[in-house]
Amino acid sequence: MVTKRFLFTCILILLAGLPILAGCAGSSTGSTTGGLKAGPGVDLNKKTITLGILSPYSGPVAGPVGIPIANGVKAFFYHVNDHGGINGFKVQFIEQDTQYSPQLEVQKYNQIRNQVLMIADSLGTQPTFAIKDLAAADHMLVSAATLSSALAREKYLILVGTPYRLQVENAFDYIVNKLGVKNPDTAIIYQNDDYGQDGLTGYREAVSVYHLHDVAQVSFAVNDTDFTAQVAQLKASGAKYVFMTTLPTATATIIATAYKLGYNPQWILQSPAFSIQLLAVPALKPLISRAWVVSQGAAWGDTSVPGMKQMLEDQAKYFPKQQPDGYFEFGYAESYVTYAILKKAMENGDLTRDGLFRAFESLQSVDMGGLLPPAHYGSTPDQRVPTRDSVIYQVDATQPAGVKPISPDFTGVAASQSHF
Amino acid sequence: MAYFLQLVFAGIAQGCIYALIGLGFSIIFKASQVINFAQGELLLVGTYIVASAVLNWHLPFLLALPLGLLVTVVIGLLFERLVLRRMIGRPPFTILMITIGLDIILRTLVIVGWGSRTIPAATPFSVTSGFNVAGVHLGSSDLWTIAVTVVLCAALYYFFRHTRYGLAMRATALDQEAALAIGIDVRTVYALAWGLAAAITTLGGVLLAIDSLAIDPNFGNAALVAFPAIILGGLDSISGAVVGGVIIGLTSVLTAGYESRLPAVIGTGLHEVTPYLLMILILLIRPYGLFGSRKVERV
């Protein structure tokens, strides 16, 4: 007869053994064939590399951001696969719906961590932060679809693009150094979360570097629906230039409330604060058309940059229903970096996670076909900030993406000096 | 002074929105002791219907509004008839969980139907319509919000005091068994409560959307902000929902207007917590809210 003590001992042995088994699976460097070392997610016989995508496929963030970025990533690698793959290896994906929830992100990461070589797309600052320690423990590179500057401090997270903080600094460099406005009366309105704090940090650095006359720093909650108090503060402060670290719906309400109260400053929108959908709001269209957006990269359809033609062809071939969308372009551009890492690791004969990490650190520079400016990578946090430049755009309903550049691509004084 | 008065006007208008949304919660709770967590999504569906009717189907706003109200009333009635009626006598927690289920279903339907992107809201006013008095801008949408709330409160007062169904609802709220014993059709009362609550909440949502200009699937979260208003006013009190809404609206807007003058460590985001601080304070003094009825149990 099986005694309780025997049963208990068996369970203890099993529990003690599980982490060891899991650890073996997680840190396995896999097999070696033909001089190529392979890690999790690499099948040397079938010649496939499996990458993970952790993105919201449902919920409010899915449609406007999550799905277009994931489509951009997939379109890039479908093209690679159709043209022989990477040294004959085809790239495939395991996609998980995170619903933009940090908890779900961790759960989904744990589900796929032993099946993928790296994460080709993890959307959102907070979800990505939730997996950063797990990824570091697994030596897993994660390409993060967010511009939070705090990510630059994380060894295994890959940023693509200029962080929010530097976007703000470049916007004020444009006003002071390009337009020649000395000591302008400035303010910021920001949402009270990590994204807003990143914008606020950049604003405070800009105030110091450019000697701005800071007249107001106004916050609001993500769930706020009325902005009269915040706008009344901005109006009372007399700010001539107001930076907005907001999301599109709040952008619409804030600008409309200001107009209603007879306040019409120069609005400068952080890149996520603008959506082309805002131009579909009839009452808002004339009000927002004076606003600037600080972002970077080629405008959708600008075939003067070498990567645009290929991206448009791939979009038409693989995702024909995809509308012109900066987020699709971001996902596509982001994949240039993933591709460069895989290619370099393969040349080094090491497709393990550590091999990928070494390849990433040795990349130096990645050309993204002009869709985004070339990214530069190194081993310190400052070197992991891939780009520091921005373009100032004016909202323009006649353009396919709703904006047209009014400045060249430039890096301001503050952004070039900023430390991470 | 103009700055202060501008904030007071905005606070009252905002409070009226909370009051309308809060009324929806209170009417259902009063009739059936159920807290409907799908209230925000009923508002969401109604607002999207009105927006689509105006912008896509090119109906005049005055036709689109009743259409939006009708759709949410039908949803409320169907939910009451097909689901909640079968749950009579079940633990309140079970019913509460079902309303959370309805909340998720409605939000998903909105995302499936309209997508997750920001869409324009329907508005009958231009952004600047209204007039200025002593440096204070009185916007048309805010004036209409206040007027609609006042008229609706008067109508509800009359309904609950002087009409057959209003009296039936009050009797059912007091004692369901006694109401049944004197021949009141409790099922009709429940249906009426759900229909009425859905319509009033949707009206609140449409008025809120007019000011927002744009809406997205998170728009239903506005109902969460109305929650401290009804707790503060008293969950089962219609007048409590209105007074609570205006108090919360004023507190929130006035705090937001002055918080930047406080040290950053206290001031930043203070307006986000003041409604809840106020709610806790009032509940400590009056556990059933300002106008809530104290439960008396014989032991």
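In chain B, helix H1 (2-32), H5 and H8 each supply at least two residues of the lining of the second largest cavity, helices and strands being DSSP runs numbered from the N terminus (H or I, at least four residues; E, at least two). The structure is a predicted model, in which local features need pLDDT of at least 70 and side-chain atom pairs count only at pLDDT 80 or more, whereas totals for chains, interfaces and linings use all residues. Residues are numbered from 1 along each chain as its sequence is written, chains are lettered from A and ligands numbered from 1 in the order in which they are written, and side-chain values use heavy atoms, with hydrogens and water left out.

The volume of this second largest cavity is about 40 Å³. A cavity is a set of points, on a 1 Å grid over the protein atoms alone, where a 1.4 Å probe fits but cannot get out, and its lining residues have an atom within 4 Å of a point; a volume is the space filled by probe spheres set on the points, which are joined across faces, edges and corners. Asp226(A) takes part in the lining, as do residues of chain B including Ala13(B), Asp142(B) and Asp211(B). By class, 4 nonpolar, 2 polar and 3 charged residues form this lining, where Ala, Val, Leu, Ile, Met, Phe, Trp, Tyr, Cys and Pro count as nonpolar, Asp, Glu, Lys and Arg as charged, and the others, Gly among them, as polar.

In total, the structure holds 4 cavities of 30 Å³ or more, and the largest contains about 120 Å³ of space. Its lining comprises 14 residues, with Ser126(B), Val127(B), Ser141(B), Ile210(B) and Asp211(B) nearest the centre. H8(A) gives the largest share of that lining, 3 residues; helix H5 (140-162) and helix H8 (186-212) of chain B each supply at least two.

Asp211(B) also pairs with Lys260(A) in a salt bridge (2.9 Å, N to O), defined as a side-chain nitrogen of Lys or Arg within 4 Å of a carboxyl oxygen of Asp or Glu. Across the interface of chain A and chain B, the rule finds 1 salt bridge. H8(A) provides the largest share of the side of chain A that touches chain B, 7 residues. By class, that side has 22 nonpolar, 12 polar and 4 charged residues. The contact (heavy atoms within 4.5 Å) takes 38 residues from chain A and 38 residues from chain B.

Conventions
1 Å grid on protein atoms, 1.4 Å probe; cavity = no way out; pocket = protein on both sides within 12 Å on 5 of 7 lines; lining within 4 Å.
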